[in-house]
Amino acid sequence: MAKKAGTPGTSLVIVESPTKARTLSKFLGPGFTIEASIGHIRDLPESAKEVPKQYRQEEWRHLGVNVHDNFRPIYVIPRQKAKQVRRLKEMLKKAQQLYLATDEDREGEAISWHLCEVLQPKVPVHRLVFHEITQEAVLEALKHPRQIDQALVRAQETRRIVDRLYGYELSPLLWRKIGPRLSAGRVQSVAIRLIVERERQRMAFVPATYWDLLGLFAKQTGETLQAPLVAVEGRRLPTSRDFDPNTGQLKDPGLLLLDESAARALAERLRQGTAVVRSVEEKPYISRPYPPFTTSTLQQEANRKFGFTARRTMQAAQNLYESGYITYMRTDSTSLAAVAVEAARQEIMALFGAEYLAPEVRVYPTRVKNAQEAHEAIRPAGHPFEHPDKLRGQLGPDEEKLYELIWRRTLACQMADARGRTVTISIQLEDALFEVSGRIIDFPGYLRAYIEEPDEPQEAGPEEKRLPSIAVGETLRVESLEPKSHSTQPPPRYSEATLTRELERRGIGRPSTYATIIDTILARDYVFKRGSALVPTWTAFAVVQLLEQHFPELVDYDFTAEMEDELDAISRGELEHLDYLRRFYFGGHHPGLKPQIEQKAAEIDPRDVGRIYIGQAPGPDNGPIYVRVGRYGPFLEHGNRRASVPEKMAPDELTVAVAMQLLEQSQNGGQLLGTCPQTGKPVYLKTGRFGPYIQRGTDEDPSVQKTSLLRSMKPGEVTLELALQLLNLPRQLGLHPDTGQPVIVQSGRFGPFVKCGDQTRSLPEHLSPLQITLQEALELLAQPKSSRRQTPLSKEPLKVFDVSPVTGQPVVLMVGRYGPYVTDGQTNASLPRDMSPEELTFQQALELLAHRAAQPKRRRFARKSHSASTSESASQTDTPTPPTQTQ
């Protein structure tokens with residue numbers, strides 16, 4: 001075990017996380033003290049209040065980068081990191097050597113450099129780099145330490161500065177021209193454009209319908225096979241790919257397009273004919289295994305197989321890496337170390353036998369120039385590999401799934417090819433031709449270990465299908481001919497997996513940042529999820545429209561990919577970083593960011609960029625229909641008419657017909673259901689920003705009453721009687737027999753519930769607030785509350801993490817009145833809605849607390865000790881030595 005903190009005469013080893021520190025302590029002897037920095041210890045200021053006083057009058061202060069002094073960054077130590085920095089300085093005073101064992105990529109190199117800059121060590125400094133946290137790898141790194149790689153540091157810092165300039169210069173423009181809380185980003189904005197362009201394709205899509213026949217044929221032995229119709233009189237029938245998606249018309253007019261009546265007439269004509277096997281074609285095929293995982297392919301496959309988000313995949317992968325189970329998880333490389341290849345091949349021999357082993361070692365060339373930053377693919381750590389079955393119960397559920405996925409992919413990449421045959425049978429029935437194909441696997445090869453999932457069903461090849469043995473010229477009996485209707489489909493929206501794949505294919509961004517990008521565009525309401533699909537909002541349309549019209553280069557796919565290549569060239573020492581920054585910001589061969597923004601700020605009309613054209617209204621009032629992005633959400637505009645757009649309506653669902661319906665409902669006060677017999681007021685069914693609702697009275701009525709539909713209700717099912725029942729909520733069911741208090745049922749923000757005194761219970765799905773009886777309500781009130789509602793503040797925590805570097809108290813996960821939250825004894829931070837408490841890591845908890853602590857606090861009485869700590873930590877700022885000056 002490592003020595004306790006503060007033991008004299010030790011070597012201090014600094015890593016990023018407590019988990020990594022615990023794993024390292026298993027391998028290092030008593031002469032080492034291991035401590036975590038808890039990520040980056042300093043960064044550019046996030047807001048004006050973090051900018052040191054001496055810079056607050058500078059014109060560039062909002063950037064945190066002195067653009068007039070060689071783009072010199074101003075680094076500050078965040079308040080929540082001050083205590084940990086002091087702790088590291090105290091520990092360093094008692095150490096004889098300093099080992100910086102942060103991750104091997106650019107971020108890890110930058111963390112090590114920042115540690116040196118802040119700690120100013122007087123003892124020898126060594127940089128430790130290992131690709132896996134195993135005893136062999138760690139001890140080997142100790143034998144061969146190196147110096148901090150200044151090229152990698154420059155590359156990381158340049159990326160950070162470019163992203164800061166891009167975001168902090170463009171985002172304020174979006175606030176002024178479109179709306180608050182918006183942000184722009186070098187990769188983020190391009191990702192949004194991809195999603196918006198796909199939605200535009202869906203909006204322009206014109207569906208087409210076509211018919212064919214599905215024949216069922218039988219041999220004399222009784223065996224049957226199904227085959228679809230493919231041609232009549234030598235004319236091929238179309239498939240979905242034969243239609244123009246923007247017109248719904250056939251690309252080739254020579255194809256035979258059947259409608260329903262023609263298909264049924266053809267079936268009737270052919271039903272009495274004789275079917276003969278015209279041909280049987282058999283072609284061999286070979287399927288080769290996929291390369292081992294990179295960051296991007298791991299994210300994609302975990303999304304396809306398990307439905308994991310990119311963030312969830314990276315959390316589980318980081319836990320596995322820091323616990324010593326897999327190699328480093330941020331990599332573009334598909335290479336494997338010789339020892340890993342040997343371990344995989346030995347495991348294949350033991351588990352599957354010699355015939356499943358590839359005859360020669362498979363080598364997968366890496367296509368990414370900078371893959372040397374993490375020189376190996378993601379694989380199980382060590383050798384021999386740990387079998388997944390041996391780790392059952394030792395890992396979390398996500399980590400178990402991900403480890404087995406990585407283990408299987410690593411084995412599969414060194415296994416033999418899968419071999420089989422594709423069989424195509426053609427059947428002639430009069431002048432009609434039917435065809436069916438099937439795939440027969442003769443030798444599964446690597447498929448015994450691993451099968452990759454397709455992104456979309458249409459990407460899958462022919463299914464494995466055992467067709468009956470059949471001979472050319474054989475006569476078949478026609479069992480049935482069934483007319484089948486087909487419709488073309490719009491291009492699918494991006495999922496996290498397909499967006500990641502597309503960004504990587506275009507060379508935009510780096511896979512290690514994709515999880516953060518997706519998190520950001522979801523958090524900023526540029527997209528929302530419908531199942532696994534990423535649906536853009538109208539705000540995303542407005543932002544992309546502004547950037548395309550006024551800053552086309554900044555969202556150009558090729559230009560962004562070239563930027564990525566140039567930033568990589570800086571890390572390899574092939575490009576001077578200051579020249580690049582000057583060209584990007586002030587201009588050179590292309591207009592610079594700063595002059596472009598200064599020129600465009602006055603030119604951009606908010607009324608134009610915040611207006612998206614939908615189409616022309618039909619009839620005599622045929623003017624253009626627009627969606628406008630306003631302060632309170634998107635709304636429709638047609639001449640002088642306005643109407644709200646439902647919040648979760650996808651843009652491709654807002655057709656001209658739907659828009660006209662919303663406009664008419666808004667103009668007419670919604671759909672009139674009837675008149676309330678008690679009040680004499682009209683009752684309307686309306687659609688607002690948050691969906692359909694019932695309204696009793698006109699908009700001008702000061703006592704107008706509104707209520708939302710229940711979640712299970714559809715607007716088309718709402719009658720006057722049902723609307724009046726909804727308006728009658730809350731309603732009293734009776735008195736409680738024990739307390740004499742009224743029992744009331746009502747509908748709230750989180751759904752319907754019953755209430756008696758201070759006791760409330762949510763209604764289960766099978767009970768409706770319109771039909772629940774007093775007896776059912778009493779039975780519900782007699783049951784204990786759910787844990788989310790009833791848990792007192794003094795309950796046991798769900799999780800207890802390590803000690804907070806800020807407060808010195810354990811970080812715990814609790815459940816409160818408003819849901820799960822983390823606390824370090826001083827700051828409470830709620831978990832985002834899409835973050836599962838079971839998946840929360842210590843590092844995430846610290847990030848949530850840090851973000852909450854940085855936000856303005858409500859007026860309240862603070863303890864003296866907290867005020868003193870805040871005052872002291874807030875004063876720590878630093879202007880670094882530029883990374884170009886080697887030490």
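These notebook entries record what I looked up in a predicted model of a protein chain.

**Entry 1. The chain as a whole**

I began with the overall composition. The protein chain holds 24 helices and 33 strands. Of its 887 residues, 50% are buried. I then looked up its accessible surface, which comes to about 43,400 Å². Carbon and sulfur atoms account for 49% of that surface. For the contacts, I took those with a separation of 6 or more, and 67% of them join residues 24 or more positions apart.

**Entry 2. Helix α1**

I next checked how far helix α1, residues 18–25, is covered. Six of its eight residues are buried, so α1 is largely enclosed by the rest of the structure. I noted the buried residues as Pro 18, Lys 20, Ala 21, Thr 23, Leu 24 and Ser 25.

**Entry 3. Helices α6 and α13**

I turned to helix packing. Helix α6 covers residues 188–204 and helix α13 covers residues 511–523; their axes are 10 Å apart and the packing angle is about 70 degrees. Because angles of 65 to 115 degrees count as roughly perpendicular, α6 is placed roughly perpendicular to α13. I recorded the crossing as right-handed. On the α6 side the contact is made by Gln 188, Ala 191, Ile 192 and Ile 195, and on the α13 side by Ile 517, Thr 520 and Ile 521. Sorted by class, the residues of this contact are five nonpolar, two polar and no charged.

**Entry 4. Helix α8 with two partners**

I examined helix α8, residues 295–306, against helix α9, residues 310–322. Their axes come within 9 Å and cross at roughly 115 degrees. The crossing of α8 and α9 is right-handed. From α8, Thr 295, Leu 298, Gln 299 and Ala 302 take part, and from α9, Ala 310, Thr 313, Met 314 and Ala 317. I listed five nonpolar, three polar and no charged residues in the contact of α8 with α9.

I then took α8 with helix α11, residues 397–412. These two pack at an angle of about 120 degrees, with their axes 11 Å apart. Here too I found a right-handed crossing. In α8 the residues that meet α11 are Thr 297, Leu 298, Glu 301, Ala 302, Lys 305 and Phe 306. Their counterparts in α11 are Lys 401, Leu 402, Leu 405, Ile 406 and Arg 409. The contact of α8 with α11 has six nonpolar, one polar and four charged residues. I noted that Leu 298 and Ala 302 appear in the contact with α9 and also in the contact with α11.

**Entry 5. Gln 156**

I looked up Gln 156, which has its place in helix α5, residues 150–177. Its relative accessible area is 7%, so Gln 156 is buried. Setting aside neighbours within four places in sequence, I found Gln 156 in contact with His 40, Arg 106, Glu 107 and Ala 110.

**Entry 6. Leu 270**

I closed with Leu 270, which lies in helix α7, residues 260–270. With a relative accessible area of 0%, Leu 270 is buried. Beyond its neighbours within four places in sequence, Leu 270 is in contact with Leu 213, Leu 429, Glu 430, Asp 431, Ala 432 and Leu 481. For one of these, Glu 430, I also noted the C-alpha to C-alpha distance from Leu 270, which is 6.9 Å in space, although the two are 160 residues apart in sequence.

Methods. Residues numbered from 1 in each chain as written. Predicted model: local features only at pLDDT ≥ 70, side-chain atom pairs only at ≥ 80, totals over all residues. Heavy atoms only, no water. Helix = DSSP H or I, 4+ residues; strand = E, 2+ residues; numbered from the N terminus. Buried < 20%, exposed > 50% of the residue type's maximum accessible area, 1.4 Å probe, protein only. Contact = heavy atoms within 4.5 Å. Areas by Shrake-Rupley, 256 points an atom, 1.4 Å probe, with all protein chains shown as cover. Axes fitted to C-alpha atoms, helices over the stretch in contact; angles between N-to-C directions. Parallel < 35°, antiparallel > 145°, perpendicular 65-115°, else oblique. Left-handed = near helix turned anticlockwise from the far one by under 90°. Nonpolar A, V, L, I, M, F, W, Y, C, P; charged D, E, K, R; others polar.
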